[in-house]
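User: Please give me a close look at one part of this model, the packing of its helices and the residues around it. Set out the cut-off behind each term where you first use it.

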Amino acid sequence: MWISDISIRRPVLATVMSILLILFGVVSLSFLSVREYPDIDPPVISVVTVYPGASAEIIESTVTERLEDELIGIEGIRSMNSVSREGASSIIIEFELERNVDTAAQDVRDRVSRARGNLPNDIEEPIISKQDTDASAIMWLSLYGKNYSPLQITDYADRYITDQLQTVDGVGQVIIGGEREYAMRLWLDPRKMTSRQISAQDVEKALTGENVEIPSGRIESTNREFTVRTLGELKTPDQFNRLIIKRQNGNPVYLSDIGRAAIGPRDDRSLVRFNGQPAVGLGIVKQSKANALDVAKAVKNKLVQIRGQLPPGLMMDTAFDSSVFIQRSIDEVVESLFVAFGLVVLVIFLFLRNARATFIPAISIPISLVATFALMYFLGYTINTITLLGMTLTIGLVVDDTIVVLENIYRRIEMGESPLEAAFKGTREIGFAIIATTAVLVAVFLPIIFMGGTLGRILKEFAVVVAGSVLISGFVSLSLTPMLCARLLKHEAGQRRRNLIGNLLEGFQRMLNEAASRFERTLRGLMNRKIWVFGVISALVVVCGGMYVLLPREFLPVEDQSNIMTFITAPEGSTLAYTDKAVRKAEAVFSRTPEVNRMFSVIALSAEGPGQVNSGMMFVNLVPQEERSRKQQHIVRLHKRPPDGCRQGASGHV
């Protein structure tokens with residue numbers, strides 16, 4: 001084997017190659033993104049068309065159906081769902097996993113442009129957008145205070161907090177949930193308007209014509225020049241109240257004659273509460289390639305600085321943090337990885353009973369694992385529970401090649417050959433067997449990358465990580481391992497030094513010899529009872545098959561995330577107050593639950609107007625599992641007593 005021969009003759013070359021593998025792996029590890037699972041979300045494109053004032057029936061016949069007829073012919077559509085409501089049409093198109101989301105979005109835009117001529121002229125331009133999971137918030141921060149109104153909280157968040165959060169590395173966007181922007185609201189009295197024969201269109205026309213600030217040019221003289229401003233924009237409620245709506249019989253009709261102007265929120269169709277107190281939510285959206293854990297950590301560090309700048313009475317807390325569970329999952333898998341590595345090294349030492357021989361596989365295993373990070377980086381993979389699970393499994397595979405080479409070289413050394421000669425001959429003798437073993441393992445895992453569907457997307461990264469680690473371990477076992485064997489191993493003649501460790505190893509060896517003798521006697525006895533052995537094996541196969549049929553099936557294992565997401569959907573046409581009342585009932589149940597740590601509620605109405613589906617959503621964070629004495633008994637009460645007229649659902653694991 002020329003690889004092993006060169007490595008043995010050129011130990012520096014073998015060492016440098018291994019160092020390069022580690023270097024590439026460590027550098028790639030610093031660039032890898034972290035997430036809970038691989039990217040298994042299908043490409044989804046939404047088409048939203050707003051048609052102000054149109055009923056659901058008109059939306060269905062003039063907008064939705066015409067768009068569907070044009071969009072249905074796009075290649076790779078998995079499903080297409082549409083909802084026609086008063087004032088708006090929404091079409092959700094889900095494509096096959098293999099479809100590129102950017103190409104799919106472009107195809108949808110082309111088809112919508114083609115259908116635009118058949119749509120009503122009064123509609124707003126259709127909005128076509130990609131539903132990217134990376135565009136959802138990984139954290140929600142709540143800003144609240146007893147002595148502050150939602151208007152004041154929103155104004156402070158917009159002025160002082162969002163800019164600071166957007167400067168954090170990895171943050172792509174900051175969403176303000178439940179914001180109440182300052183606006184001038186006009187309250188009209190229908191009876192007064194009727195008596196003066198004034199309609200809402202007259203008020204709108206007056207606002208459009210009078211509440212403007214237009215460029216007025218400049219005044220030039222011999223030596224100076226002045227810019228002229230026309231102060232036509234209304235600022236205060238008093239100015240709006242003095243707005244002339246119409247002239248009747250030469251007398252002006254002011255806004256104050258038919259109503260009043262007052263400062264209020266631009267949009268009052270949403271509410272946010274944190275632990276029952278009115279609040280404003282700040283959603284942290286990470287950049288597409290950013291590390292979720294690093295972004296969350298940086299935001300938390302920034303949050304400490306922001307808290308020191310808040311005015312008295314205003315507080316800021318973390319309402320929802322998805323990175324906590326991701327970090328715990330990654331930590332558990334990493335812990336399992338180190339435990340597996342330690343157990344493998346311990347088993348090798350117990351069986352080889354040689355510290356020098358144990359050192360060689362203890363070096364080759366980390367090289368194979370760390371170098372796999374470079375492969376993951378070049379393939380665009382992420383660090384997640386699936387890839388780390390593959391590495392944990394790989395520990396038992398990558399050590400095989402090194403153990404086979406090590407054992408064969410050590411055997412020849414015990415036969416009297418020098419370590420250098422044993423390394424040459426032993427590796428040549430076993431080299432093709434190592435290549436064959438590596439090829440077999442790769443052949444087992446690599447075909448998984450051709451699986452389709454969501455399961456194939458999950459297992460693809462797992463298979464590539466395992467196959468890549470095995471390939472790297474095969475290279476290491478034929479290069480670094482024989483070089484280290486030639487330099488480190490030696491024949492240990494004579495009696496071992498008697499000490500505590502030596503006595504323990506000798507006792508372990510005697511136990512193994514006794515176990516081997518008993519196994520040999522048992523095997524010889526079973527060879528004479530072939531029919532009985534065949535019957536037992538057949539019965540075991542039948543029992544295992546029956547257990548496989550009876551075992552419950554699920555896509556992913558249930559895990560305790562210490563979070564519950566509750567959705568409450570109110571009847572169509574419900575007001576904000578009605579939906580809020582239903583959510584408060586749910587909050588009351590959760591507040592009586594001792595295991596609840598914090599609650600973050602969002603109540604939102606559709607922006608298109610009445611007749612829409614109104615809903616409330618609650619993020620309920622529980623204390624860690626080890627601190628909980630009761631689990632789901634309190635949550636069951638909530639499902640037994642849903643609020644009147646509302647539908648309720650919950651997701652998450654307790």
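Analyst: What follows goes through two helix contacts, then the residues around them, and ends with some positions elsewhere in the chain.

This is a predicted model, in which local features need pLDDT of at least 70 and side-chain atom pairs count only at pLDDT 80 or more, whereas totals for chains, interfaces and linings use all residues. Residues are numbered from 1 along each chain as its sequence is written, and side-chain values use heavy atoms, with hydrogens and water left out.

I begin with helix α12, which runs over residues 355-378 (helices are DSSP runs of H or I with at least four residues, strands are E runs of at least two, both numbered from the N terminus). The partner of α12 is helix α13, residues 385-414, and the two axes come within 9 Å of each other while crossing at roughly 140° (axes are lines fitted to C-alpha atoms, for helices over the stretch in contact, with angles from 0 to 180 degrees between N-to-C directions). That angle makes α12 oblique to α13 (under 35 degrees is roughly parallel, over 145 roughly antiparallel, 65 to 115 roughly perpendicular, and the rest oblique). On the α12 side, the residues in contact (heavy atoms within 4.5 Å) are A357, I360, P361, S364, I365, S368, L369, T372, F373 and M376. They meet T387, M391, T394, I395, V398, V399, T402, I403 and L406 on the α13 side. Sorted by class, the residues of this α12 and α13 contact comprise 13 nonpolar and six polar ones, with no charged residue among them (Ala, Val, Leu, Ile, Met, Phe, Trp, Tyr, Cys and Pro are nonpolar, Asp, Glu, Lys and Arg charged, the others, including Gly, polar).

Staying with α12, T358 also belongs to this helix, and its relative accessibility of 8% means that T358 counts as buried (buried is under 20% relative accessible area, exposed over 50%, partly exposed in between, with a 1.4 Å probe and protein chains only). Once neighbours within four places in sequence are set aside, T358 is in contact with V345, I348 and F349.

A second helix contact involves helix α10, residues 292-307, and helix α11, residues 323-352, whose axes lie 10 Å apart and whose packing angle is about 125°. As a result of that angle, α10 is oblique to α11. From α10, the residues taking part are A292, L293, A296 and K300, and they meet S323, V324, I326 and Q327 of α11. The classes in the contact of α10 with α11 come to five nonpolar, two polar and one charged residues.

One residue of that contact, I326 of α11, leads on to E36, because I326 is also listed among the residues that E36 contacts when neighbours within four places in sequence are left aside. The full list for E36 is F325, I326, N384, T385, E559 and Q561. E36 sits in the loop between α2 (11-31) and β1 (44-50), and with a relative accessible area of 19%, E36 is classed as buried. The C-alpha atoms of E36 and I6 are 43 Å apart in space, while these two residues are separated by 30 residues in sequence.

Looking from the other side of the E36 and T385 contact, T385 is a residue of helix α13, and its relative accessible area of 14% makes T385 buried. Residues up to four places away in sequence not being counted, T385 touches R35, E36 and Y37, and in addition S329, I330 and V333.

I close with three positions considered for their location and exposure. E65 has its place in helix α3, residues 56-71, where a relative accessibility of 37% makes E65 partly exposed. Between E65 and T437 there are 59 Å in space, C-alpha to C-alpha, and the two are 372 residues apart in sequence.

The other two positions concern backbone geometry. N249, in the loop between β10 (244-248) and β11 (251-254), has a phi near 55°, which is a positive value in a residue other than glycine. At 81% relative accessibility, N249 counts as exposed. N275, likewise not a glycine, has a positive phi of about 55° and is placed in the loop between β13 and β14 (277-286). With a relative accessible area of 37%, N275 is partly exposed.
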